[in-house]
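Here is a friendly walk through one protein chain, from its overall layout down to a few single residues. Keep the structure open beside the text and follow along.

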Amino acid sequence: MAKYLLIMHMNPTLWAGLTDDQKNEVFEGHGKFHQLISESGEMIETKALADPDATKTVRVREGATDVVSGPFVESEAFLCGYYVVDVESEERAVELAAQIPDAKHTAIEVRKVVHEAGPA
């Protein structure tokens, strides 16, 4: 078994262009996807993240902390959430990523987890 991070990005312009039915399909699709990977035992966790306007980017230079509003990478698309799954293969991770409803409108990034640490 191996863990994979299935990363979802959203472009606000793209999202604004979807119909209410398409948006509801995405929301309902996440519920169905969550149920699927929970029942299969592949679900580790999922998180939905706040919009970029609520982001703070922190840098420390020469001992001084600099905090700016906004994401680290200036882009129209932003990280909006993720799933962590524990699957038999990369192929299965890709198969699951294709079932995330956002994949119909944007793309899902699949990245293997190569290190993790638990609470101290």
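Three helices and six strands make up the chain, and in sequence order they run β-α-α-β-β-β-β-α-β. Please keep in mind that this is a predicted model.

Let us begin with the whole chain. Along the principal axes, its C-alpha atoms fill a box of roughly 50 × 40 × 20 Å. Of the 120 residues, 28% are buried. If you take the contacts between residues at least 6 apart in sequence, 74% of them join residues at least 24 apart. The exposed area comes to about 8100 Å², with carbon and sulfur atoms supplying 53% of that area. As for charge, there are 21 negative and 11 positive side chains, and the centres of these two sets lie 4 Å apart.

Now turn to helix α2, which covers residues 20-39. Does its length fit what a helix of 20 residues should have, and what span is expected at 1.5 Å a residue? The expected span is 28 Å, and the end C-alpha atoms are 29 Å apart, which agrees. Buried in α2 are Lys23, Val26, Gly29, His30, Phe33 and Ile37. Looking down the axis of α2, you find these buried residues within an arc of 110°, so they line one face of the helix. The reason for such a pattern is general: an α-helix has 3.6 residues a turn, so residues three or four places apart point the same way. The face of α2 turned away from the buried side carries exposed residues, namely Asp20, Asp21, Phe27, Glu28, Lys32 and Glu39. Following α2 comes glycine 41, with a positive phi near 80°.

Helix α3 can be read in a similar way. Its buried residues are Arg92, Ala93, Leu96 and Ala97. They cover an arc of only 140° around the axis, which puts them on the same side of α3. Glu91 and Ala98 are exposed on the other side of α3.

The table lists elements that pack against or cover the buried residues of each helix.

| Helix | Arc of buried residues | Elements at the buried residues |
|---|---|---|
| α2 | 110° | β1 (2-10), α1 (12-17), β2 (43-48), β5 (78-87), α3 (90-99) |
| α3 | 140° | including β1, α2, β5, β6 (108-112) |

Two single residues are worth a look. Histidine 30 sits in helix α2. Is histidine 30 buried or exposed? Its relative accessibility is 17%, and because buried means under 20%, histidine 30 counts as buried. Leaving out residues up to four places away in sequence, histidine 30 touches Met8, Tyr83, Ile100, Pro101 and Asp102.

Valine 68 belongs to strand β4, which spans residues 64-69. With a relative accessibility of 32%, valine 68 counts as partly exposed, because that class lies between the 20% and 50% cut-offs. Which residues does valine 68 contact, setting aside its neighbours within four places in sequence? They are Thr55, Lys56, Thr57 and Arg59. Threonine 55 is 13 residues away from valine 68 along the chain, and the C-alpha atoms of the two are separated by 8.5 Å.

Note on methods:
Residues are numbered from 1 along each chain as its sequence is written. This is a predicted model: local features need pLDDT of at least 70, side-chain atom pairs count only at pLDDT 80 or more; totals for chains, interfaces and linings use all residues. Side-chain values use heavy atoms; hydrogens and water are left out. Helices (H or I, at least four residues) and strands (E, at least two) are DSSP runs, numbered from the N terminus. Buried means under 20% relative accessible area, exposed over 50%, partly exposed in between (1.4 Å probe, protein chains only). Contact means heavy atoms within 4.5 Å. Accessible areas come from the Shrake-Rupley method with a 1.4 Å probe; for residues, only the protein chains shown count as cover. Lys and Arg count as positive and Asp and Glu as negative; His and the chain ends are not counted. The place of a charge is taken as NZ of Lys, CZ of Arg, CG of Asp or CD of Glu. The expected span of a helix is 1.5 Å times one less than its number of residues. The arc is that of the directions from the helix axis to the C-beta atoms.
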